[in-house]
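Here is a walk through one protein chain, from its overall layout down to a few single residues. Have the model open as you read.

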Amino acid sequence: MSDSESSIERLSASAVKYVAGGIAGLVVATTTTLLRHFARPVYESIRNEVPKDSLIQVVYLLFLVCLLLCVWIRLLYRERRKPLADRFEFDDYGGYYVDPRNGRAVCPSCLAEGKVVNMMDVSGNKMCNACKTACRGKTTAKSDIGN
Ligand SMILES: [Zn+2]
């Protein structure tokens, strides 16, 4: 039973690889065709409009814009791969996360599911309205230590 399941998983994984490879090949072929037919007219029109001595500046500017776009895409990709909990500070005593921008408590259970839900203050303790998770707050900490 487990052998057939693992072989099915391996088969579907290899099928995904073949489909992704096919799509990548299609993208490369389409890009090559588009560049062959449209790159030269675009380059010709830019060359005709821009004075000859400033053409290298336009090419440099376009290169710079492409470079900045690549850096921006890389930053967005890194931000997307970063775990959601890394954006918040963890309160060791209360067991909940704190948003450093506004200091509000964030529910740890909801954060584990990928949702950011602020917690309400219930007589010093923190409580989530979405999942009813309760965490002890700072103000009751002193009374807890005293008891
Ligand atoms: Zn919650």
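## Ground rules and confidence

Before the sheets come up, one definition: two strands count as paired if DSSP finds at least two bridges between them. Keep in mind, too, that this is a predicted model.

How confident is the predictor? The mean pLDDT of the protein chain is 85, with 90% of its residues at 70 or more. The stretch to treat differently is residues 140-147, where the pLDDT is below 50. Beyond near neighbours in sequence, that stretch has 4 contacts in the model.

## The overall layout

The protein chain comes to 4 helices and 6 strands. Going along the sequence, you meet them in the pattern α-α-β-β-β-α-β-β-β-α.

Not much of the chain is buried: 7% of its 147 residues make the cut. As for contacts, take those in the protein chain with a separation of 6 or more; residues 24 or more positions apart account for 19% of them.

## Helix α2

Helix α2 covers residues 55-81, which makes 27 residues. At 1.5 Å a residue it should span 39 Å, and its end C-alpha atoms are indeed 39 Å apart, so the expected and modelled spans agree.

Is helix α2 covered or bare? Hardly covered, as it turns out: the count of buried residues among its 27 is 0.

## The β1-β2-β3 sheet

Strands β1, β2 and β3 make an open sheet of 3 strands, in the order β1-β2-β3 and with antiparallel pairing. The edges belong to β1 (89-91) and β3 (105-106); each has a single partner strand, so one side of each is left without a neighbour in the sheet.

β1 pairs with β2 (residues 96-98) in the antiparallel sense over 3 bridges. If you want a spot to click on, try Phe-90, whose bridge partner in β2 is Tyr-97.

## The β4-β5-β6 sheet

There is also an open sheet of 3 strands in the order β4-β5-β6, again with antiparallel pairing. Here β4 (119-122) and β6 (134-135) stand at the edges, and because each has a single partner strand, one side of each goes without a neighbour in the sheet.

β4 and β5 pair in the antiparallel sense over 4 bridges, while β5 (residues 125-128) and β6 do so over 2 bridges. Lys-126 is a handy marker in this sheet: Lys-126 is the bridge partner in β5 of Asp-121, and Lys-126 also stands opposite Cys-135 in β6.

## Two loop residues with positive phi

β4 and β5 form a hairpin with 2 residues between them. Ser-123 sits in that loop, and its phi is near 45 degrees, a positive value in a residue other than glycine. Ser-123 has 8 C-beta neighbours inside 10 Å, so it counts as exposed; the cut-off for exposed is 12 or fewer.

Lys-132 is another one to look at, in the loop between β5 and β6. Lys-132 is not a glycine, yet it has a positive phi of about 65 degrees. With 9 other C-beta atoms within 10 Å, Lys-132 is exposed.

## The nonpolar core

Which residues make up the largest nonpolar core? There are 7 of them: Tyr-96, Tyr-97, Ala-105, Val-106, Cys-107, Met-119 and Cys-128. β2 and β3 each supply at least two residues of this core.

Val-106 is a good place to start looking around. Leaving out residues up to four places away in sequence, Val-106 touches Phe-88, Tyr-96, Tyr-97, Val-98, Asp-99, Leu-111, Val-116, Val-117, Asn-118 and Met-119.

## Val-98 in strand β2

One of the residues that Val-106 touches is Val-98, which lies in strand β2. Is Val-98 buried, exposed or partly exposed? It has 17 other C-beta atoms within 10 Å, so it is partly exposed; buried would take 20 or more.

Apart from its neighbours within four places in sequence, Val-98 is in contact with Phe-88, Glu-89, Asp-91, Gly-103, Ala-105 and Val-106. And if you like a distance to check on screen, Val-98 and Pro-108 are 10 residues apart in sequence and 9.7 Å apart in space, C-alpha to C-alpha.

Key: Residues numbered from 1 in each chain as written. Predicted model: local features only at pLDDT ≥ 70, side-chain atom pairs only at ≥ 80, totals over all residues. Expected span 1.5 Å × (residues − 1). Contact = placed C-beta atoms within 7 Å. Core = buried A, V, L, I, M, F, W, Y, C linked by C-beta atoms within 7 Å. pLDDT = per-residue confidence, 0-100.
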